[in-house]
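Got the viewer open? Let's walk through this one together, one selection at a time.

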Amino acid sequence: MRIISLLLSTRLYLLWFFLYQGQTLGAYFKRARVFITGYPRSGNTFLTKLLCQFWPWGSVRSHLHNIYPLKYALKKEIPVIIVIRDPVECYSSSVLKLGDNWFRKRLQYWRLRHWYTYVLENKQILKVDFEELVTRPEEIVDKLLTKHRIKIPADIVLAASNVASHTILNDTRSPYENGAPNVKKEIAKTKIKSSVDLTDLQNYWNEKREEYRCIGSL
């Protein structure tokens, strides 16, 4: 499981991507002006829906959830924005969506550790704190747009935030699959959290959080 996760962070990812997407990674990023991603269930969809309302159509790439595309985008000088969430919350949400079984749990565990180790240490990556994104989305978006020399009036940014929030909150998928918070999901996540020890990873993230959080690094 760990080997699979690590291999897909190497050039073997190019073959997997071509077979899965039907195009090369180079073609996928050809018109990209920004790449938004993060570990699954980290608020990536919310941030993407927000920024897609302001960036030129077709220039935003997102949701590949793998380290190799990060390296590729950085090499091509495409700005990378990653949402960082408490790894315990991230882990439990991912397992809940993908399947609560031994194989899924172990695979997510190794992927999560590999992901956080790479992302937190890479200073080229612009990092957005999940809690700040969901509590102060207008402020985060304004800072991201300003950094990329896109100036939008505050009332329009607020309206875009409301649109993105409405889309997430009205997700029609099951309570375990959609991105909106709900009681059923939180109860199931509590059970999953008790099944694996992520203490070391969470402590590491807590130590790095202030250093790499969005407000300080933009």
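How far apart should the ends of helix α6 (residues 87-98) be, at 1.5 Å a residue? Keep in mind as you look that this is a predicted model. Select α6 and check: its 12 residues should span 16 Å, and the end C-alpha atoms are 16 Å apart, which agrees.

While α6 is still selected, switch on a surface. This helix is mostly covered, with 9 of its 12 residues buried. Click along α6 and you'll meet the buried ones, among them P87, V88, C90 and Y91. The run S92, S93, S94, V95 and L96 is buried too.

**Next stop: α4**

Now select helix α4 (residues 44-51). Is α4 mostly covered or mostly exposed? Mostly covered: 6 of its 8 residues are buried. Those are N44, F46, L47, T48, L50 and L51.

**Add α9**

Keep α4 on screen and add helix α9 (residues 137-147). A quick tip before you turn the view: two packed helices are described by the angle between their axes and the distance between the axes. Here the axes of α4 and α9 come within 11 Å and cross at roughly 60 degrees. Angles from 65 to 115 degrees would count as roughly perpendicular and those under 35 as roughly parallel, so α4 is oblique to α9. The crossing is right-handed.

Which residues make the contact? Show side chains for F46, L47, L50 and L51 on α4, then P137, V141, L144 and L145 on α9. By class, this contact has 8 nonpolar residues, no polar ones and no charged ones.

**Add α10**

Leave α9 visible and bring in helix α10 (residues 154-169). These two pack at an angle of about 120 degrees, and their axes are 9 Å apart. That makes α9 oblique to α10. Here, too, the crossing is right-handed. From α9, pick P137, E138, V141 and L145; from α10, pick V157, L158 and S161. The residues of this contact divide into 5 nonpolar, 1 polar and 1 charged.

**Last stop: Q53**

Finally, click Q53, which sits in the loop between α4 and β2 (60-62). Is Q53 buried or partly exposed? Its relative accessibility is 36%, so Q53 counts as partly exposed.

Now draw a line from Q53 to A164, C-alpha to C-alpha. The two are 111 residues apart in sequence, yet 9.2 Å apart in space. Leaving aside neighbours within four places in sequence, Q53 is in contact with A160, V163 and A164.

Terms used: Residues are numbered from 1 along each chain as its sequence is written. This is a predicted model: local features need pLDDT of at least 70, side-chain atom pairs count only at pLDDT 80 or more; totals for chains, interfaces and linings use all residues. Side-chain values use heavy atoms; hydrogens and water are left out. Axes are lines fitted to C-alpha atoms, for helices over the stretch in contact, and angles run from 0 to 180 degrees between N-to-C directions. Helices (H or I, at least four residues) and strands (E, at least two) are DSSP runs, numbered from the N terminus. Angles under 35 degrees count as roughly parallel, over 145 as roughly antiparallel, 65 to 115 as roughly perpendicular and the rest as oblique. A crossing is left-handed if the near helix is turned anticlockwise from the far one by less than a right angle, and right-handed if clockwise. Contact means heavy atoms within 4.5 Å. Ala, Val, Leu, Ile, Met, Phe, Trp, Tyr, Cys and Pro count as nonpolar, Asp, Glu, Lys and Arg as charged, and the others, Gly among them, as polar. The expected span of a helix is 1.5 Å times one less than its number of residues. Buried means under 20% relative accessible area, exposed over 50%, partly exposed in between (1.4 Å probe, protein chains only).
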